[in-house]
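The following dialogue treats the reading of side-chain and strand features in a protein model. The structure is shown first, and the discussion follows.

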Amino acid sequence: MAKILVLYHSAYGHVEQLAEAVAEGARETGAEVAIRRVPETVPEEVARAAHYKLDQAAPVATVDELEQYDAIIIGTGTRYGRIASQMAAFLDQTGGLWARGALNGKVGSAFVSTASQHGGQETTLFSVITNLLHFGMVVVGLPYSFQGQMGHDEVKGGSPYGATTIAGGDGARQPSTTELEGARFQGRLVAETARKLHG
């Protein structure tokens, strides 16, 4: 049974919803799945004033636990087309794991949320994937075998680099059925890949 970590940062709940869908997909394969969030670095009064979603149930992750998993699927919102600072701060603490090669050969994957269709979904995915490659991980995306990301019948996220959602400038748009299906598909694929690589 593969052990999967879904690690995320979500300011307004969109990435949290994707994280839950990714975990559902991974669990469908029989994998053991943990959902964790990275520590919030924004002061609480600032977060409240900005209407952050502060009631997220996932426990806060520690850097030391990362090596316990066969696969790590990272989700984050985008900030100016790149990874959110909260996730970057967490990953910047993994130098010891990197130096020991603790994540070499494990499976890595990414999913993100942006305010708009052109708000940096792919660049943010690549900013996560860059970290995964530096760790020596085997990267799994969201291939076109997930047909939901094809076509132009609706506004939707998703790319071959990972599942995505579009939140809207005010955060009012919630992940669509198609976007959540893409996240589940990605979770299943990561778990299946981890099982093949790590038994």
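**Reading the features of a predicted model**

A: Glu16, Lys53 and Asp55 are linked in a network of salt bridges. This is a predicted model, in which local features need pLDDT of at least 70, side-chain atom pairs count only at pLDDT 80 or more, and totals for chains, interfaces and linings use all residues. Residues are numbered from 1 along each chain as its sequence is written, and side-chain values use heavy atoms, with hydrogens and water left out.

Q: How should a salt bridge be read, and how many does a search of the whole structure find?

A: Side chains of opposite charge can pair when their charged atoms come close. The criterion is a side-chain nitrogen of Lys or Arg within 4 Å of a carboxyl oxygen of Asp or Glu. The search of the whole structure yields nine salt bridges. Within the network, Lys53 and Asp55 form a salt bridge whose closest N and O atoms are 2.9 Å apart.

Q: Are Lys53 and Asp55 buried or exposed, and what do such words mean?

A: Buried means under 20% relative accessible area, exposed over 50%, and partly exposed in between, with a 1.4 Å probe and protein chains only. Lys53 is partly exposed because its relative accessible area is 29%. Asp55, at 58%, is exposed.

Q: Which parts of the chain does the salt bridge of Arg188 and Glu28 link?

A: Helices (H or I, at least four residues) and strands (E, at least two) are DSSP runs, numbered from the N terminus. The side chains of Arg188 and Glu28 meet in a salt bridge of 2.9 Å, N to O. The pair links distant parts of the chain: Arg188 belongs to helix H6 (residues 177-198), and Glu28 to the loop between helix H1 (14-27) and strand E2 (32-37), 160 residues apart. Arg188 counts as partly exposed because its relative accessibility is 25%, whereas Glu28, at 53%, counts as exposed.

Q: What is the case for Glu179 and Arg173?

A: Glu179 and Arg173 form a salt bridge, with 3.0 Å between the closest N and O atoms. Glu179 is buried, at a relative accessible area of 2%, while Arg173 is partly exposed, at 23%.

Q: How is an aromatic pair recognised, and how many does a search of the whole structure find?

A: Rings of Phe, Tyr and Trp (its six-membered ring) pair if their centres lie within 6.5 Å; planes under 30 degrees apart count as stacked, over 60 as edge-to-face and the rest as tilted. The search of the whole structure finds three aromatic pairs. Among them, Tyr12 and Tyr52 form an edge-to-face pair, at 5.3 Å centre to centre and 70 degrees between the planes. Tyr12 lies in the loop between strand E1 (3-8) and H1, and Tyr52 in the loop between helix H2 (44-49) and strand E3 (71-79), so the pair ties together parts that are 40 residues apart in sequence. Tyr12 is partly exposed, with a relative accessible area of 43%, and Tyr52 counts as buried, at 15%. Phe126 and Tyr161 form a tilted aromatic pair, at 4.6 Å centre to centre and 50 degrees between the planes. Phe126 is in helix H5 (residues 121-134) and Tyr161 in the loop between strand E6 (138-139) and E7, so this pair ties together parts that are 35 residues apart in sequence.

Q: Which way do the side chains of strand E7 point?

A: In a regular strand the side chains alternate between the two faces of the sheet. From strand E7 (residues 163-166), Ala163 and Thr165 point one way and Thr164 and Ile166 the other way, and all are buried. Two strands pair if DSSP finds at least two bridges between them. Strand E5 (residues 107-114) and E7 pair in the parallel sense over four bridges, and the bridge partner of Phe111 in E7 is Ala163.

Q: Which residues is Gln186 in contact with?

A: Contact means heavy atoms within 4.5 Å. Gln186 lies in helix H6 and is buried because its relative accessible area is 0%. With neighbours within four places in sequence left aside, Gln186 is in contact with residues including Ser109, Ala110, Val140 and Ala163.
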